[in-house]
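Q: Please take a close look at the shell around the ligand. Then set that part in the context of the rest of the chain.

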Amino acid sequence: LTADVLICGAGPAGLVLGNMLRADGIRCLIVERQSRAHVEQRARAGFLAENSVRILTENGLAEGLHANGKRHDTCAFRGDHGEFELKYSELGRGEVHTVYPQQDLVRDLIAQFIDRGGEIRFDTTVVKVDPHDAVLVLDDGTTLSGRFVAGCDGQHGVSRQAVPAKVLQRDHGVTWLALLAEAPPSMAAVTYAIHPNGFAGHMARTQKITRYYLQVPQGTDATTWSDEKVWAELHTRLRAHQYGSLKTGMIIERRVVDMTSHVLEPIQHGCVFLAGDSASLISPSAAKGANLALMAAEVLAKALARQINSGDSQRLTHYSAAVLPRIWRAQEFSHWMINLLHSPAGDDGHALFMRSLQRARLESLRDNRAHQDYFAENYIGI
Ligand code: APR
């Protein structure tokens, strides 16, 4: 036996799981397709919910986060109705986000895992998972065997193929151009702009890097969006003439993201347990992907520790049933948010109807405290 738990993937899910298992003295091995340098530099998400900060803090994984993370507590909506802000630290449960770039978190988690005596094999791809014997087949033809396999290898991983699950899915019919700009944030708040040309979003990341989103037609080639075109369209949709110019800079990442979501049911089979993007993919509209990954990793770590250290299988048997309702709450809110931020283009009756609904929903969110509390609880809650 190579280890008790074989973990596929060194993303947030696999690394938090591995760290928690090591703290309980469990032998585990992480297998990661990419190099260490690659995963430590891969810019992805950055908004951590309070539940994620709690998990990281309770497990001794939050030193970097507490030193360098930035508290974020306000979002703003801009449109032809004007602009309004929601300070969610004063709404709902009063929770806030901590902004900490995911690659920094991944770097911290890898260092901690190795410190705790964990082993990671980088540049190693899992090509097949056997759900009955907990065996991983690697790209060089060798195998690893364990007692359990944690499938934390993301949406394109192989471990999900070992789980005969139903895939419940939706294509939201919306596409975003996800941009990283080498520019300081232009506003203090996360800003969602609703414009006849389509949605635009602004999210501060660090003092030097800002994330922007532009809704684009499905099938758009990202390379057709020059830096000039990106900034011109961001200025238009974020209504710079009214609210002030954006701080521009080089666009260092431009990626087309189709808003699709899917959930596997169940997310366990035999010795295999899925966590993170391998179990469910959520549209980025409410920044929940990494937070869901951490939520599942915590539940799975506790269930595996209980099984391995005390022989109590109760939690592990019910892992899928415990995690899926929380995934669905997040999916429901993310779907609600997509409808808040997008409406069909054109002047036909259907498009006009949907735009009027969108406007009514925004007005309600602007004016109604109960609606604002609902928003805040779900926006940050997991
Ligand atoms: N063998 C080994 N490793 C693999 C394989 C494979 N066959 N396939 C994928 N991987 C690795 C990837 O290289 C990646 O490092 O699995 C890891 C999965 O990590 P993430 O995609 O980050 O997934 P997860 O940990 O579930 O976190 C999900 O974090 O990255 C964000 O946007 C993502 O918000 C989402 C959340």
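A: By class, the shell around the ligand is made up of 12 nonpolar, 11 polar and 5 charged residues. In this count Ala, Val, Leu, Ile, Met, Phe, Trp, Tyr, Cys and Pro are nonpolar, Asp, Glu, Lys and Arg are charged, and the others, Gly among them, are polar. The model is predicted: local features need pLDDT of at least 70, side-chain atom pairs count only at pLDDT 80 or more, and totals for chains, interfaces and linings use all residues. Residues are numbered from 1 along each chain as its sequence is written.

There are 28 residues around the ligand, and those that come nearest are Gly9, Gly11, Gly154, Gly276 and Gly289; a residue is near a molecule if its C-beta atom, placed from the backbone, lies within 6 Å of it. Two helices, α1 (12-23) and α8 (289-310), each give the shell at least two residues. Helices (H or I, at least four residues) and strands (E, at least two) are DSSP runs, numbered from the N terminus.

The unreviewed UniProt entry places a feature "domain: FAD-binding" at residues 3-333; such positions follow the numbering used here, feature names are shortened, and annotations may be inferred rather than shown by experiment. This span is 31% helix and 31% strand, and its end C-alpha atoms lie 38 Å apart.

The domain assignment, whose bounds come from an automatic or database source, divides the chain in another way. Domain 1 takes 5-70 + 94-168 + 260-335, and domain 2 takes 171-257 + 345-380. Their C-alpha centres lie 29 Å apart. Contact (C-beta atoms, placed from the backbone, within 7 Å) involves 13 residues of domain 1 and 11 residues of domain 2. On the side of domain 1 that touches domain 2, 7 residues are nonpolar, 4 polar and 2 charged.

Next come the sheets. One open sheet has 6 strands in the order β8-β2-β1-β12-β19-β18, with mixed pairing; two strands pair if DSSP finds at least two bridges between them. The edge strands, each paired on one side only, are β8 (119-121) and β18 (268-269). At the β18 edge, 2 bridges connect β18 with β19 (residues 272-274), and the two run antiparallel. His269 stands opposite Val272 of β19. Ahead of β18, the peptide bond between Glu265 and Pro266 is cis, with omega about -5 degrees. Pro266 belongs to the loop between β17 (250-265) and β18.

Another open sheet has 3 strands in the order β9-β10-β11 and pairs antiparallel. Its edges are β9 (126-130) and β11 (143-145), each pairing on one side only. From one strand to the next the twist averages 20 degrees, where axes are lines fitted to C-alpha atoms (for helices over the stretch in contact) and angles run from 0 to 180 degrees between N-to-C directions. Strand β10 (residues 135-138) is joined to β11 by 3 bridges, and Val137 has Thr143 as its bridge partner in β11. The loop between β9 and β10 contains Ala134, a residue other than glycine with a positive phi, near 55 degrees.

Terms used:
Two residues are in contact if their C-beta atoms, placed from the backbone, lie within 7 Å.
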